[in-house]
Every structure is written in C-alpha cells, then in structure tokens.
Amino acid sequence: MPEKIKTIGIVGAGTMGNGIAHSAARSGFRVILCDIEPKAIERAKETISRNLDREVARDKLSAAEKARALTQISTSNRLRDLEVADFVIEAVIENLDSKLKILNSLDTISRPEVVLASNTSSISITKLAAATKKPANVIGMHFMNPVPVMNLVEVVRGLATSDQTHSTTEELAKSLGKTPVTVNDFPGFVSNRVLMPMINEAIFCVMEGVGSAESIDSIMKLGMNHPMGPLSLADLIGLDVCLYTMEVLHNGLGDSKYRPCPLLRKMVDAGQLGRKSGQGFFKYSRN
Ligand code: NAD
C-alpha cells in the first residue's frame with residue numbers, strides 16, 4: 001500500500017465507481033464514494049454487498065472480511081467531502097463537460113499533492129489535465145469491467161503527468177491487486193485502439209455477408225482462443241459505446257481505417273444496443 005494513501009475518493013458510484021470502491025475497500029483502503037444521485041449510491045451499496053457475498057460463497061473472503069470491507073466505505077453526495085482523500089479517482093459518465101467541471105472543482109478541494117485520476121475510456125487525459133492548475137497530478141487510470149475480477153489497469157500518462165504521479169498511481173494499482181500497464185495519451189489509448197477496430201471489422205464482415213454473426217464469433221473463439229467472440233463482446237459493451245469509441249478514433253486520428261461500420265450506425269439508430277436493449281447481434285431475454 002503506498003505509504004501516504006489511506007483514503008481513496010471516488011467520484012461516480014455507477015458500474016465502474018462501485019467496482020473500484022469494492023476493490024479498494026477489499027484491499028484495506030478507506031473509501032469515500034461520491035455521487036450526485038442518491039439512488040446511484042443506494043444501488044452501489046447493494047451491488048458491492050452482493051458482489052462481496054459472491055466472494056464469500058467462493059471462499060475467497062470470510063464473512064468477517066466482508067463486514068470489514070463494507071465498514072471501510074462511506075458515501076457522500078458532496079464533492080467537498082473528498083477534501084480528506086489522499087488519492088481521487090473520477091468515474092462519472094463519459095462526458096467531457098462533466099469531467100472537466102469535476103476536475104476543476106477537485107483541483108481546489110484536494111490538497112496540492114493529491115493525484116487526480118480519471119477512469120475515462122476515451123477522453124484525452126492531456127485535455128482533462130489542462131482544466132486544472134496541477135496538470136502534473138492528473139493521470140488516466142483505466143480499470144476494466146467488472147473491476148473486482150479484471151486484472152488490468154491501463155495507466156495513461158498525459159503530456160504533463162509527472163513521474164511522481166505516475167509511480168504513485170502504479171503503486172496504488174498494485175495495492176489494489178491489479179497489474180498496471182502504462183501507455184501514453186492518444187485517442188483510444190491502447191485497449192480501445194486495438195479492440196474496437198477488431199469489433200468494427202467483424203461488423204463489416206456481417207454487413208458484407210462474409211459470415212453470420214454466429215460463424216464470425218465461432219472463428220474468433222475456436223481459432224484465436226478468444227474467450228468471447230467480437231460480436232458477443234460488442235453486445236456486452238453496448239453498440240452505442242462501440243460507435244462512440246470508433247468516432248473518437250476516427251476524429252482523433254483522422255485515418256479512414258477507423259471509419260465506423262455503417263451497419264453499426266444503423267443498429268444504434270434502430271435502438272439495437274446489445275444486451276442492455278435485448279437485441280444486438282444476438283437476442284437476449286431481459287428478465
Ligand atoms: P455509469 O453511468 O454506470 O455511472 C456514472 C455515475 O456517475 C452515475 O451514477 C452518475 O449519477 C454519476 N455522476 C454523473 N455526474 C456526476 C457528478 N457531477 N458528480 C458525481 N457523480 C456523477 O458509468 P460507468 O459505466 O461506471 O462509466 C464511468 C466511467 O468509466 C466513464 O468514463 C466510462 O467511459 C469509464 N469506463 C466504463 C467501462 C464500462 O465497461 N462501463 C469500462 C472502462 C471505463
């Protein structure tokens with residue numbers, strides 16, 4: 001555990017925020033989980049408790065350790081309460097204006113040495129950092145979903161990120177039981193720049209009639225040993241998120257090879273977003 005970090009502030013108690021809170025509390029950190037939506041906080045507490053129960057059922061955790069982890073987490077709907085945090089991770093919705101406002105406020109609320117990390121999957125860390133007076137303290141900490149089970153943290157260095165900020169972040173990721181891998185700030189970082197064009201290409205294969213969704217997924221699973229086919233993965237991520245990420249790559253890198261597949265755009269227009277809407281490349285029961 002990095003010596004000076006005892007309390008982690010997390011902004012946003014959604015899918016990623018509650019997963020990060022779970023991992024941090026489980027690793028012995030005190031957590032202040034902050035969200036503007038009271039319902040989101042209630043849902044997060046239920047989700048964390050349920051996910052910890054799963055670990056107890058699998059003998060990965062004792063009931064007493066679960067209870068201890070839960071007492072490590074306090075919640076708030078005021079950003080100001082994060083003034084006592086020794087490290088802050090922002091995990092609100094993927095919207096530039098929301099993130100800029102939060103970083104701007106955290107800049108005045110947090111002590112000067114506190115690292116401000118963003119869990120963004122596509123927004124430029126350099127741009128977020130420029131909204132603060134301490135761009136050297138800003139870094140990307142891109143956790144994978146579901147956080148408690150996925151090992152990777154893609155650590156993203158912005159143009160101004162300092163070596164100190166970087167080493168503190170890597171050390172913290174390790175204390176959370178994760179493996180940090182550092183990359184530089186470019187659209188899509190590495191994870192989405194490599195993954196999303198593969199998904200997009202699989203969608204072109206459907207559109208051009210090269211193969212059915214089932215056969216494309218089978219080829220990638222059986223032939224490349226991928227645990228999940230690219231089209232099932234697209235349905236899991238959400239086709240709207242896939243389209244948004246392809247647009248970030250296309251606009252940010254300006255190369256036609258990142259052109260979103262027209263079929264992807266059409267399915268999003270039709271509201272076929274994958275698992276969350278019940279229909280994507282495959283059909284899902286919503287019960
Ligand atoms: P989500 O919609 O599940 O949760 C976002 C939460 O932020 C909501 O509870 C919302 O109430 C809260 N929020 C919005 N504005 C706020 C504000 N001003 N102050 C405090 N809370 C606020 O979103 P998510 O899927 O958890 O994604 C969060 C971030 O993580 C995004 O940047 C996303 O790109 C990134 N990410 C998501 C995934 C994924 O698979 N879901 C994976 C990696 C990274």
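This passage describes the salt bridges of the structure and the solvent exposure of the residues that form them. The model is a predicted one, and a search across the whole of it returns 13 salt bridges. A few of them are taken up in turn below.

A convenient starting place is the pair formed by Arg157 and Asp163, whose side chains meet in a salt bridge with an N to O distance of 2.8 Å. The two partners fall into opposite exposure classes. Arg157 has a relative accessible area of 19% and is therefore buried, since buried means under 20%. Asp163, in contrast, has a relative accessible area of 57% and is exposed, the cut-off for that class being over 50%.

Asp240 and Lys276 also join their side chains in a salt bridge, here at 2.9 Å, N to O. This pair links distant parts of the chain: Asp240 belongs to helix α10 (residues 239-253), while Lys276 lies in the segment after α11 (262-269), and the two are 36 residues apart. Asp240 is partly exposed, at 28% relative accessible area, and Lys276 likewise counts as partly exposed, at 44%.

A further salt bridge brings together the side chains of Glu83 and Arg80, with 3.7 Å from N to O. Glu83 shows 39% relative accessibility and so counts as partly exposed; Arg80, with a relative accessible area of 45%, is partly exposed too.

Finally, the salt bridges are not restricted to isolated pairs, as Asp86, Arg111 and Glu113 are linked with one another in a network.

Technical notes:
Residues are numbered from 1 along each chain as its sequence is written. This is a predicted model: local features need pLDDT of at least 70, side-chain atom pairs count only at pLDDT 80 or more; totals for chains, interfaces and linings use all residues. Side-chain values use heavy atoms; hydrogens and water are left out. A salt bridge is a side-chain nitrogen of Lys or Arg within 4 Å of a carboxyl oxygen of Asp or Glu. Buried means under 20% relative accessible area, exposed over 50%, partly exposed in between (1.4 Å probe, protein chains only). Helices (H or I, at least four residues) and strands (E, at least two) are DSSP runs, numbered from the N terminus.
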